Amino acid sequence: MLTDRIALVTGSTEGIGLGIATALAESGAHVMLNGFGSASDIERTRRELAERTGVRIAHSGADMSRPDEITKMVRDAETSFGRVDILVNNAGIQFVAPIAEFPQERWGQIMAVNLSSNFHAIKAVLPGMLKRGNGRIVNIASTHGLVASPFKGAYVAAKHGVVGLTKTVALETAETAITCNAICPGFVRTALVESQIRDLAEVHGMSEEQVAKLFRHDQLAT
Ligand code: NAD
């Protein structure tokens, strides 16, 4: 269905992003992965996915908190693949603390990776999409783009921002064949939530499985 489309998925060396990149590759799209991890693990993931699906898989180690690296990642994808048809803004991080104790640098990091990176990547891919009159932009927000929880001020603010940015880009491209949508996932047991599960289990004297069950049953948002 996506044969020879070109996809760029941020934060895709593990977790939800790797799942999305895998599904895109299985549908025939060539994919540029992005994210951190050990060079050997990333290379193994890249090679295995390419060999199994027969599409081209590349990797960019660009840091999504750095606008210059985001722009360069998009240019690198355009240079090596020819264009970017599908952008998935997925990279995300979390930090949990009451507002009065929330470290300023953590606030800045979460805003940069979870919100501003979406803006910089969209800004970089959009001229090419507008020229071709086609494109798909998918921003991975969260249930926290719609509701709030205590102690996740930066994450909740950033994810609400992602939903707002998505609506704006969708309106600006409404008269073209470019679409911009947000997905608001609930709980997915990845590295991002493992530390929250451990911390909550310790604070409330519960087992990690009991906490994971609360997440799964939507009694805790992610
Ligand atoms: P994860 O921690 O498993 O994976 C995050 C990915 O982002 C990794 O590949 C990591 O290397 C990459 N990354 C982190 N910081 C980066 C940076 N500065 N530059 C480039 N890459 C960076 O996370 P996940 O659970 O798969 O989450 C993916 C997205 O889904 C995030 O935006 C998250 O907010 C959202 N989400 C997750 C859940 C959940 O329950 N796991 C729920 C709702 C939304």
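**Exercise 1. Place Thr173 in the chain, decide whether Thr173 is buried or exposed, and find a polar partner for its side chain.**

Step 1: Thr173 sits in the loop that runs between α5 and β6 (177-183). Keep in mind as you work that this is a predicted model.

Step 2: Look at the accessibility. Thr173 has a relative accessible area of 1%. Buried means under 20%, so Thr173 counts as buried.

Step 3: Now search around the side chain. A polar atom of the Thr173 side chain lies 2.8 Å from the backbone oxygen of Val169.

**Exercise 2. Find the place of Ser195, classify its accessibility, and state how far Ser195 is from Val147 in sequence and in space.**

Step 1: Ser195 belongs to helix α6.

Step 2: Its relative accessibility is 32%. Partly exposed covers the range between the 20% limit for buried and the 50% limit for exposed, so Ser195 is partly exposed.

Step 3: Along the sequence, Ser195 and Val147 are 48 residues apart. In space, the C-alpha to C-alpha distance between Ser195 and Val147 is 21 Å.

**Exercise 3. Describe the surroundings of the ligand: its nearest residues, its polar contacts with the backbone, and the helices that contribute to the shell.**

Step 1: Start with the neighbours. There are 31 residues around the ligand, and those that come nearest are Thr13, Ile16, Asn90, Tyr155 and Thr190.

Step 2: Go through the backbone contacts. For Ile16, a backbone N or O atom is 2.7 Å from a ligand oxygen. Asn90 also places a backbone N or O atom 2.7 Å from an oxygen atom of the ligand. At Val188, a polar backbone atom is 2.8 Å from a ligand oxygen.

Step 3: Check the coverage. On its own the ligand has 830 Å² of accessible area, and the protein covers 95% of it. The ligand takes up the space of the largest pocket.

Step 4: Turn to the helices. At least two residues of the shell come from each of α1, α5 (153-172) and α6 (191-204). Helix α6 gives the largest share, with three residues.

**Exercise 4. The model holds 11 salt bridges. Work through the pairs Arg52 with Glu26, Arg46 with Glu43, and Arg216 with Glu209, giving distance and setting for each.**

Step 1: Take Arg52 and Glu26. Their closest N and O atoms are 3.0 Å apart, and the pair forms a salt bridge. This bridge connects distant parts of the chain, since Arg52 lies in helix α2 (residues 39-53) and Glu26 in helix α1 (residues 15-26), 26 residues apart. Exposed means over 50%, so Arg52, at 53% relative accessibility, is exposed.

Step 2: Take Arg46 and Glu43. The closest N and O atoms of this salt bridge are 2.9 Å apart. Both residues are in helix α2, three residues apart, which is about one turn of the helix. Arg46 has 22% relative accessibility and is partly exposed; Glu43 is partly exposed too, at 32%.

Step 3: Take Arg216 and Glu209. Here the closest N and O atoms are 3.9 Å apart. A salt bridge needs a distance within 4 Å, so the cut-off is met. Arg216 is partly exposed at 46%, and Glu209 is partly exposed at 45%.

Step 4: Follow the shared partners. Arg189, Glu194, Glu209 and Arg216 are joined into one network by salt bridges that share partners.

Terms used:
Residues numbered from 1 in each chain as written. Predicted model: local features only at pLDDT ≥ 70, side-chain atom pairs only at ≥ 80, totals over all residues. Heavy atoms only, no water. Salt bridge = Lys/Arg side-chain N within 4 Å of Asp/Glu carboxyl O. Helix = DSSP H or I, 4+ residues; strand = E, 2+ residues; numbered from the N terminus. Buried < 20%, exposed > 50% of the residue type's maximum accessible area, 1.4 Å probe, protein only. Near = heavy atom within 4 Å. Polar contact = N/O pair within 3.5 Å; in protein donor to acceptor, adjacent residues only side chain to side chain. Areas by Shrake-Rupley, 256 points an atom, 1.4 Å probe, with all protein chains shown as cover. 1 Å grid on protein atoms, 1.4 Å probe; cavity = no way out; pocket = protein on both sides within 12 Å on 5 of 7 lines; lining within 4 Å. Sits in = over half its atoms within 2 Å of the grid points.
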